[in-house]
Amino acid sequence: MTPHGTRAGEDAEDLDVEEVLALVNNSNHPPGPGERGGTDSRSASGRPDASPRPDARHHATPWPQARVIAERAARSIARATRRAPVSVPLDAALGLTLAAPLDALTDLPSFDTSAMDGWAVAGPAPWDVRDDGVLAGHAAHEPLTDGEAVRIATGARIPPDTTAVLRSEHGRTDDKGRLHATREIVPGQDIRPRGQECRSGDQLLPVGALVTPAVLGLAAAAGYDTVTAVPRPRVEVLVLGDELLTEGRPHEGLIRDALGPMLPPWLRALGAEVTAVRRVGDDADALHRAITTSDADVVVTTGGTAAGPVDHVHPILRRIGAELLVDGVKVRPGHPMLLARIAETQHLVGLPGNPLAAVSGLLTLAEPLLRTLAARPAPEPYTLPLREAVHGHPHDTRLVPVVLRGDQAVPLHYNGPAMLRGIAAADALAVVPPGGARPGQEAELLDLPWASGGIGVCFT
């Protein structure tokens, strides 16, 4: 007999992640027109003395194109690694993508069952009621004969030869203890017949389906203990900077690290397994060791992506022979973000150090990269009109925190690169084109994981 949870895995033993990606991932963000962009006036670490690289404007990638490049990079990893699907227990599968069809391992229901509390009755009324009753989880009851009834609970197995279930509120007993119906009943009433929902072997969900809480319930009901899924991409986070505190209040030029607490749950919401969060000072050799010894699929760094005296990311990438796929993006905040291939099957996402700029980098580069690696379907793009005008950058896209009120998006204040007050209250980020947007103008929205109602709300 096949153990629960293995059947779909056997069907998919030759299916690799690349094939799953081919089924479920098509970009919803085609490359947009080229835009002339500028540079952030501050380094990714937030230091005012860090000037941008002289060629940053020339090489910066338009925002829509940067997202497409990140998706393509993920597909290149899938082709190179040929990662096999994994068998995952149900309690660890939330947010994964099915790598094999979910086929029913049993009929649902697996036997005729009562849909209501009441009486199982046979033949026409009145009925003599048996002394014992039928409860859920108990073995089959003796068959009924015409004129007999037995108390039955919701979910209990229907006794053989039952005509219908009479609901508790639709029955009464006379002074002789016989049961009568207070309204007409029909054969089969309030009985869920075996196989009503599915038959054994029916496909319940296809390859590429996202494992939601409801999918976990369906899988369990259908007989599974595990599901066959695309493995989570493994991510290591490197938090850079000598000026960062991990506790207490800012003092003497030191500031609290906001990204260390924020990034791991956000990355998990994007489908990643965060394997480590390491703090690295402004030390080039330490950063080099951290990057070159990581075995994660994706390394995420914070800060150090501009050209200041302690911005070491670019020199180290050159030193190890990495390929820069995105070197600056025409977006505000977050212009000095980057994406690099540091090995055949490994990438690095360099986030700016300012908190909202780092969020911009997450949604621009990390989200499409991790979503594609996890074989999650791309979200359907949508727009809403802006309630108020939004100031734009002359050349670059802006990402602005908004709250959703009815059928409009309301821009929030406190949206500077170093600020989290706006994004902490936001439902989404509005994509504001170069030059800004007027009141009532439609803007594309990027949902935040906890506000989208999707699987990303599970951060653990």
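Student: What share of the contacts in the protein chain with a separation of 6 or more comes from residues 24 or more positions apart?

Tutor: Good place to start, and keep in mind that this is a predicted model. Take the contacts in the protein chain whose partners have a separation of 6 or more. Among these, residues 24 or more positions apart account for 73%.

Student: How many helices and strands does the protein chain have, and what percentage of its residues are buried?

Tutor: The protein chain has ten helices and 27 strands. A residue counts as buried when its relative accessible area is under 20%. Of the 460 residues in the protein chain, the buried share is 52%.

Student: Let's look at helix 6. Why is helix 6 said to be largely enclosed by the rest of the structure?

Tutor: Helix 6 covers residues 259-269. The buried ones are L259, G260, M262, L263, P264, W266, L267 and A269. Helix 6 is largely enclosed because the buried residues number eight of the eleven.

Student: Which elements do the buried residues of helix 6 pack against?

Tutor: Four strands and two helices surface in the answer, so let's go through them by name. On the strand side there are strand 14 (234-240), strand 17 (273-280), strand 18 (298-302) and strand 22 (346-351). The helices that the buried residues of helix 6 pack against are helix 9 and helix 10 (421-425).

Student: Are helix 6 and helix 9 roughly parallel or roughly antiparallel?

Tutor: The axes of helix 6 and helix 9 (residues 355-373) come within 12 Å and cross at roughly 25 degrees. Angles under 35 degrees count as roughly parallel. Helix 6 is therefore, relative to helix 9, roughly parallel.

Student: Is the crossing of helix 6 and helix 9 left-handed or right-handed, and how do the residues of their contact divide into nonpolar, polar and charged?

Tutor: Helix 6 passes helix 9 in a right-handed crossing. From helix 6, L259, M262, L263, W266 and L267 meet P355, A358, V359, L362, L363 and L370 of helix 9. The residues of this contact divide into no polar, no charged and eleven nonpolar.

Student: Which residue that follows helix 6 has a positive phi?

Tutor: Look just past the end of helix 6 for this one. The phi there is positive, near 105 degrees, and the residue is G271.

Student: Is D91 buried or exposed?

Tutor: D91 lies in the loop between strand 2 (86-89) and strand 3 (102-103). Its C-alpha atom is separated by 9.8 Å from that of P213, 122 residues apart along the chain. With a relative accessible area of 73%, D91 is exposed.

Note on methods: Residues are numbered from 1 along each chain as its sequence is written. This is a predicted model: local features need pLDDT of at least 70, side-chain atom pairs count only at pLDDT 80 or more; totals for chains, interfaces and linings use all residues. Side-chain values use heavy atoms; hydrogens and water are left out. Axes are lines fitted to C-alpha atoms, for helices over the stretch in contact, and angles run from 0 to 180 degrees between N-to-C directions. Angles under 35 degrees count as roughly parallel, over 145 as roughly antiparallel, 65 to 115 as roughly perpendicular and the rest as oblique. A crossing is left-handed if the near helix is turned anticlockwise from the far one by less than a right angle, and right-handed if clockwise. Contact means heavy atoms within 4.5 Å. Ala, Val, Leu, Ile, Met, Phe, Trp, Tyr, Cys and Pro count as nonpolar, Asp, Glu, Lys and Arg as charged, and the others, Gly among them, as polar. Buried means under 20% relative accessible area, exposed over 50%, partly exposed in between (1.4 Å probe, protein chains only).
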